Amino acid sequence: MKDLMRIKCLISQDIETLLNQQIKKEAHSSSLYLSMASWCNQNGYDFSADYFTKQSEEERMHQLKLFKYVLDMGGNAISPEVTGIKTDFAGFREVFEDALEAEIAITQSFKNLASRCHKEMDFVTMEFLNWFLKEQREEEYKARRALELFEVIGEEGTGRWEIDKHVNKITYSED
């Protein structure tokens, strides 16, 4: 019966495994962003707390989109256990440095997944992943711009307050 189910699945076992790993990474990112939101809130950075809460929701949406795709393709989507979330940050800037590092890692993971799809000639999944690759361009851009605020505005005096105020105003346009 298991072999029959595999025949009905439109993705290979390797692609299914990689997609489930990506689901876990998105869940981890969502939890990390919630942790960042909590830290920002506790330290008086209300706008940044809102920013990271929205980022967390977005990562959760990515997780669910991947989950549904695996199911739609006849695969076995796995709801991941999320552990090891960083909860303490040395400072305001470190939160944003970690956010950028997380986005870069997610982008690389999607690139690796896309490469595997290309190798297997799984063009259906490749087409599905294009949405995520495009999304990652926006995510990295926003994370970089947020971190650049530390250089442009500086952290001295009311600098952190100004940075916090500007974080939610960062937008991305493809034009």
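These legends walk you through three close-up views of a predicted model.

**View 1. The annotated stretch, residues 9-154.** Let's start with the wide picture. An unreviewed UniProt entry carries the annotation "domain: Ferritin-like diiron" for residues 9-154. Across this stretch the chain is 80% helix and 0% strand. If you look for the C-alpha atoms at its two ends, you will find them 53 Å apart.

**View 2. Helix H2 beside helix H4.** Two packed helices are described by the angle between their axes and the distance between the axes. Here, helix H2 spans residues 13-42 and helix H4 spans residues 92-120. Their axes lie 11 Å apart, and the packing angle is about 170°. Angles over 145 degrees count as roughly antiparallel, so H2 is roughly antiparallel to H4. Which classes of residue make up the contact of H2 with H4? The contact has 16 nonpolar residues, along with 7 charged and 3 polar ones.

**View 3. A cavity and its lining.** How many cavities of 30 Å³ or more are there? The count comes to 1. The largest cavity has a volume of about 40 Å³. Take a moment to find the residues around the largest cavity: Tyr33, Tyr51, Phe52, Gln55, Phe96, Ala99, Glu139, Ala143 and Ala146 line it. Helix H3 (46-72), H4 and helix H5 (123-153) are the elements that each give two or more residues to this lining. Sorted by class, the lining of the largest cavity has 7 nonpolar residues, 1 polar and 1 charged.

Methods. Residues numbered from 1 in each chain as written. Predicted model: local features only at pLDDT ≥ 70, side-chain atom pairs only at ≥ 80, totals over all residues. Heavy atoms only, no water. Axes fitted to C-alpha atoms, helices over the stretch in contact; angles between N-to-C directions. Helix = DSSP H or I, 4+ residues; strand = E, 2+ residues; numbered from the N terminus. Parallel < 35°, antiparallel > 145°, perpendicular 65-115°, else oblique. Nonpolar A, V, L, I, M, F, W, Y, C, P; charged D, E, K, R; others polar. UniProt positions renumbered as here; feature names shortened; annotations may be inferred. 1 Å grid on protein atoms, 1.4 Å probe; cavity = no way out; pocket = protein on both sides within 12 Å on 5 of 7 lines; lining within 4 Å. Points joined across faces, edges and corners; volume = space filled by probe spheres on them.
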